[in-house]
Structure formats: structure tokens, C-alpha cells
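I opened my notebook with two things to look up, one about a helix and one about a DNA strand. I write down each in turn below.

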Amino acid sequence: MPELPEVETIKRDLKNYLLGAILKEVLIVNKNFLTKNKIELEELQNLKNSRLFELERRGKMLALIFEKRALIFHLGLTGALIFQPSPLFADNKHLIFSLLFDSGILSFQDIRKFGKIWLISKENLTNFWQANLGPDALEITEEDFITLLKEGHGPIKALLLNQKKLAGLGNIYATELLFRAKIHPLRKAESLTPEERRTLYREMKALLQEAIALRGSSIRDYVDGLGQKGLFQERHLVYGKKGRPCPLCQTPLEYIPLQGRGTTFCPQCQK
DNA sequence: TTCAGCCTGTCG
DNA sequence: CGACAGGCTGAA
């Protein structure tokens, strides 16, 4: 579910309520999930009585930084982090755990349980980011982005989705970006012309910023840090629209699997 | 570089 | 009932 714009939206929402808050209680509902993630129940409980003093996002991951430790989330396809001023657990069968702060309750839920969490010491956070993720798609400079493309090999879409090369784009935004840049998803990354590289960079920044401004894309399950849906799905041009006419030239949009991900594109506009 | 597997839900 | 879904990993 959540790609860069969605996780950024969640981060901004949670920051409003959790910055400086003190964790008072930890309520663990799904112990099995923690075990799978190699986290002892006690480790999580030990976060109690510490202050959350920063939230940091890189790519699709979000870190809650406490005094000594950082709790890192990857929301997978259906993970959600929802803040509520007062409890509301009753109808939530996918709740993994809740963190009870003095300012309200943060619940982590995940329907498909593809999400992941890590609990590391605060000093290791920089190393963690570097070991797991390439530069953030919003932060990367044009120069570094162009180098990445020049040194790429294989389909451009595969490169855009590779989190170790470039962190943040998922299937929605990679698909939309390639349409906006008029580049075919199977083009070899290293074959892009200098102009195409610049266009791709410019369109990537614009796309992500527009999506953040509209609070992300809610196709199915995504909700922001307060449980509300995003609006950017209304601006999608090709994602999930196979067979429908291209918004530019009316040619029916085509669909191919690429690395197991459904990929929609216009065979006429995207070269 | 495919492809099943991890899970649950929805749609046709 | 099968196909597919904002992700990622590890095995063939």
C-alpha cells in the first residue's frame, strides 16, 4: 500500500500529535507478528516511559525515534499507523499492537501482515538506512539520479522499484511516472537520452509533491495517520486503468506483468 | 530473472 | 471459484 507520499503523509500527521509525547503503555495483541520480526515482547515493553522526540522517513520506511531506541516500520501492502485521541479497538481485528502515549493512542494494524518492524538502538539508525535503502526519491539530487540511470541495467521500471537504488517509489508511482515522462516501462535504464533523464527527474519530483499535497493514494486500504483516505487516486492517469483509453491519445492502455507487478502503459505515447 | 510464498480481502 | 492487490525475500 503505502509508497513515499503515503508514508510522508502519515509522518506529518503523527508528528503533530506524538512529538514530545511520552509512551505510557504498550498493548500487544498479535504476539506472533513480533516473533516473526524477531522482537521480544519485553524489548517493546521497555520503550515505556520514554519520550518520542523525532519521526524520520526514508523511502517507504518510518522511524519513531525515542530517547535510546528507534522503532522502524515498513507498512508492506496493508499496514497502517493510526493515531486516535481515545481508544477504539473494538472492531479492529487486524490490530497488531497499540502504543498508549500521554497524548493519545497509536495503533499499528495490518490486514495482510506483510508489514515489518525493527527495534534498534538510536545510534544505529543511520547505518540501518544505509544498509537497507538507497537515496530517498524526494531527496536525491539530479546529478545522483542521472548517475543511477546511466549505471542502470535492465528495464527502467525495475530500477525505479529497486529500493536499494532509489527509495520510495512503488508500483503506483513508478507506473504513473513513466507515463508522465513518456517512457516505456521496458526501456533499458542506460538507454535513456539525456533529455529523457532530466524529464524523468523533474516529473518524479512533481508527481511525488502533488501526491503528498493530496495526502496520498487510497486505492483500497490506505489511510493516513488519522484514519482518513487520500485523494491522489483521482489524479491517476494510467495505474489500474488497463484497456481504457490513454488520456493523451485514446489508444487503449496495455498491461504487462513486469517482475510480477502489473504494469499499465500507453503503447503509443510511451517509447 | 522468474516465481512461489508470506496473508487477507474483493471483484468478476 | 480464480485472478489480482500500494511489497519484498529467497529459492530454483
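Entry 1, the helix. I began with what lies over the buried residues of helix 7, and I found that the cover includes helix 1 (4-18), helix 6 (156-161), helix 8 (194-213) and strand 10 (261-265). I kept in mind that this is a predicted model. How many residues of helix 7 are buried? I noted 10 of the 10 in the run 171-180, so helix 7 is largely enclosed by the rest of the structure. For this I took buried to mean under 20% relative accessible area. The buried residues include N171, T175, E176 and R180, as well as I172, Y173, L177 and F179. I then looked just past the end, where helix 7 is followed by K182, a residue with a positive phi, near 60°.

Entry 2, the DNA. Which residues surround DNA strand B? I listed K36, K93, H94, I111, R112, K113 and F114, and by class this surface has four charged, two nonpolar and one polar residue.

I next asked which parts of the strand lie by the protein, and among the atoms of DNA strand B within 4 Å of the protein, 46% belong to sugar or phosphate, while the rest belong to bases.

Last, I looked up single atom pairs. An N or O atom in the side chain of K93 is 3.0 Å from a phosphate oxygen of DNA strand B, and a polar side-chain atom of H94 lies 3.2 Å from a phosphate oxygen of this strand. For R112, I noted that a side-chain N or O atom is 2.7 Å from a base oxygen of DNA strand B.

How values were computed: Residues are numbered from 1 along each chain as its sequence is written. Chains are lettered from A and ligands numbered from 1 in the order in which they are written. This is a predicted model: local features need pLDDT of at least 70, side-chain atom pairs count only at pLDDT 80 or more; totals for chains, interfaces and linings use all residues. Side-chain values use heavy atoms; hydrogens and water are left out. A residue is near a molecule or strand if one of its heavy atoms lies within 4 Å of it. A polar contact is a pair of N or O atoms within 3.5 Å; within protein, one must be able to donate a hydrogen and the other to accept it, and residues adjacent in sequence count only if both atoms are side-chain atoms. Ala, Val, Leu, Ile, Met, Phe, Trp, Tyr, Cys and Pro count as nonpolar, Asp, Glu, Lys and Arg as charged, and the others, Gly among them, as polar. Buried means under 20% relative accessible area, exposed over 50%, partly exposed in between (1.4 Å probe, protein chains only). Helices (H or I, at least four residues) and strands (E, at least two) are DSSP runs, numbered from the N terminus. Contact means heavy atoms within 4.5 Å.
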